[in-house]
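Okay, thanks for making room for me this morning. I'd like to walk you through one model, starting from the inside and working outwards.

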Amino acid sequence: MASLRAHLYDLAIRLAVKRRLGKTLDVLAIRRAFESARFPEPPGIAFTPGEVGGVPGEWAQAAGTAGERPTLLYLHGGGFIACSAQVYRPVTGRFARAGFRVFTPDYRLAPEHPFPAAIEDCSAVWAALAGAGPAVVAGDSAGGTLALTTIIEARRLGLPPPAAAALFSPATDLIGRSASFRTNGRRDAMFRPESLMRLVPAYLAGADPADPRASPIEADFFGFPPLLIHVGAREILRDDSLRLADKARAAGVPVDLTVFPVVAHAWQLAESFLPEARSSLDGAALFLRRALEAGSHPGAEAAA
């Protein structure tokens, strides 16, 4: 059963974001809409600028902690055109409180830097982190897409894959074939189908949406690491997650799928007051830790 706060948050997002997005094609207006809802940062977390693999970003780690901590690469959402590591401090800070040392890259954004610039940046970061030892990856929305493409690129480049991946409402099919694009058009608190699909040309800039790096649902999932997938029942992107889970399981990949009722897209950002956000992030942290422990590897840190 959804909490009362989930219902209130759904309403707030409808008023603050969905109405503002409307039918606009203005990238700057979309960025302002995405970034307008800033949430409190978790206390006791040190956020430090850094660079990994030549890509700038931000480290998050619980203040005053010492010793080795497992490394998490977190890839932020924002429709490939918006947001930043700073916007996602509520999420990365929660993972840091759970014992991870988290790096969030400020990967290049479209339309100034279209596909595959973001993929190249995330792959460069992963190459550096993987070279330092076992690590895991997580991401939401467009960041969930990039987490999947980072695994795809790691395989192509002969790099060690992440020990596991946590995906929050990933966009896995940029062609827009999922049934929930139609059935959840009114129920989704943040997006209309047409507004979400309007972001695709800005990101792809003429590239083939059937490329597995653009639409990971087209990938071969054989040999993928364990996947945790969280998605909202009302989201337009719901069936992108359900189809991903089905295809990954068919390839023999362990999948932990949870469909949350009522919650709005990117609800994890509201961890300061939304119990479903805390449940999602804490569950993901536990899943990632267990995957690392199952590999019998100590956590690894990369030089900031």
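So, the largest cavity: its volume comes out at about 390 Å³. Bear in mind that this is a predicted model. Searching the whole structure turns up two cavities of 30 Å³ or more, and I'll stick with the largest one. Its lining is made up of 34 residues. If you want to find the centre, look for Phe34, Gly79, Ser141, Phe191 and His265, which are the lining residues nearest to it. As for secondary structure, the elements giving two or more residues to that lining are helix 1 (4–21), helix 2 (27–35), helix 7 (193–197) and helix 8 (199–204). And what is the lining like chemically, in terms of nonpolar, polar and charged residues? It splits into 25 nonpolar, five polar and four charged.

Next, the packing. The largest nonpolar core has 104 residues. The members that touch the most other members are Phe95, Phe100, Leu146, Tyr203 and Leu288. Helix 10 is the element that gives the most to this core, with eight residues. Let's zoom in on Leu288. Leaving aside residues up to four places away in sequence, Leu288 touches Leu72, Phe95, Phe100, Val136, Val137, Ala164, Ala165 and Ala166. Notice that Phe95 and Phe100 turn up in that contact list, and they are also on the list of core members with the most contacts.

On to charges. Side chains of opposite charge can pair when their charged atoms come close. In this model the search finds 15 salt bridges, and I've picked a few to show you.

Start with Arg14 and Asp10, where the closest N and O atoms are 2.8 Å apart. Why are these two placed about one turn from each other? Because they sit four residues apart in helix 1, and that separates them by about one helical turn. Arg14 has a relative accessible area of 24%, so it counts as partly exposed. Asp10, at 6%, is buried.

Then there's Arg94 with Glu271, with 3.1 Å between the closest N and O atoms. This pair ties together distant parts of the chain, 177 residues apart. Arg94 is in helix 3 (residues 89–97), while Glu271 is in the loop between strand 8 (255–260) and helix 10 (275–294). Are they buried or exposed? Both Arg94 and Glu271 are buried.

The third one is Arg177 with Asp173, at 2.9 Å from N to O. Arg177 is partly exposed, at 37% relative accessibility, whereas Asp173 is buried, at 2%. This pair also belongs to something wider: Asp173, Arg177, Glu218 and Arg243 are linked in a network of salt bridges.

In between Asp173 and Arg177 in the numbering you'll find Ile175, in the loop between strand 6 (165–168) and helix 6 (180–183). Ile175 is partly exposed, at 35% relative accessibility. Not counting residues up to four places away in sequence, Ile175 touches Met197, Pro209, Ala210 and Ser215. Compare that with Leu159, which is 16 residues from Ile175 along the chain: their C-alpha atoms are separated by 28 Å.

Last stop, the backbone, for those of you who like checking torsions. Which peptide bond has an omega near 0°? That's the one from Ala110 to Pro111, and it's cis. Pro111 is in the loop between strand 4 (101–105) and helix 4. That loop also holds Pro116, and the bond from Phe115 to Pro116 is cis too, with omega near 5°. Right after that comes Ala117, in helix 4 (residues 117–132), and Ala117 is buried, at 5% relative accessibility.

Two more torsions to flag. Phe80 has a phi near 70°, a positive value in a residue other than glycine, and Val262 has a phi near 70° as well. Phe80 lies in the loop between strand 3 (71–75) and helix 3, and Val262 in the loop between strand 8 and helix 10. Phe80 is buried, with a relative accessible area of 7%, and Val262 is buried as well, at 8%.

That's my tour. Happy to rotate the view if anyone wants another look.

Definitions and conventions. Residues are numbered from 1 along each chain as its sequence is written. This is a predicted model: local features need pLDDT of at least 70, side-chain atom pairs count only at pLDDT 80 or more; totals for chains, interfaces and linings use all residues. Side-chain values use heavy atoms; hydrogens and water are left out. On a 1 Å grid over the protein atoms alone, a cavity is a set of points where a 1.4 Å probe fits but cannot get out, and a pocket is an open set with protein on both sides within 12 Å along at least five of seven lines; lining residues have an atom within 4 Å of a point. Grid points are joined across faces, edges and corners, and a volume is the space filled by probe spheres set on the points. Ala, Val, Leu, Ile, Met, Phe, Trp, Tyr, Cys and Pro count as nonpolar, Asp, Glu, Lys and Arg as charged, and the others, Gly among them, as polar. A salt bridge is a side-chain nitrogen of Lys or Arg within 4 Å of a carboxyl oxygen of Asp or Glu. Buried means under 20% relative accessible area, exposed over 50%, partly exposed in between (1.4 Å probe, protein chains only). A nonpolar core is a set of buried Ala, Val, Leu, Ile, Met, Phe, Trp, Tyr and Cys residues joined through side-chain atoms within 4.5 Å. Contact means heavy atoms within 4.5 Å.
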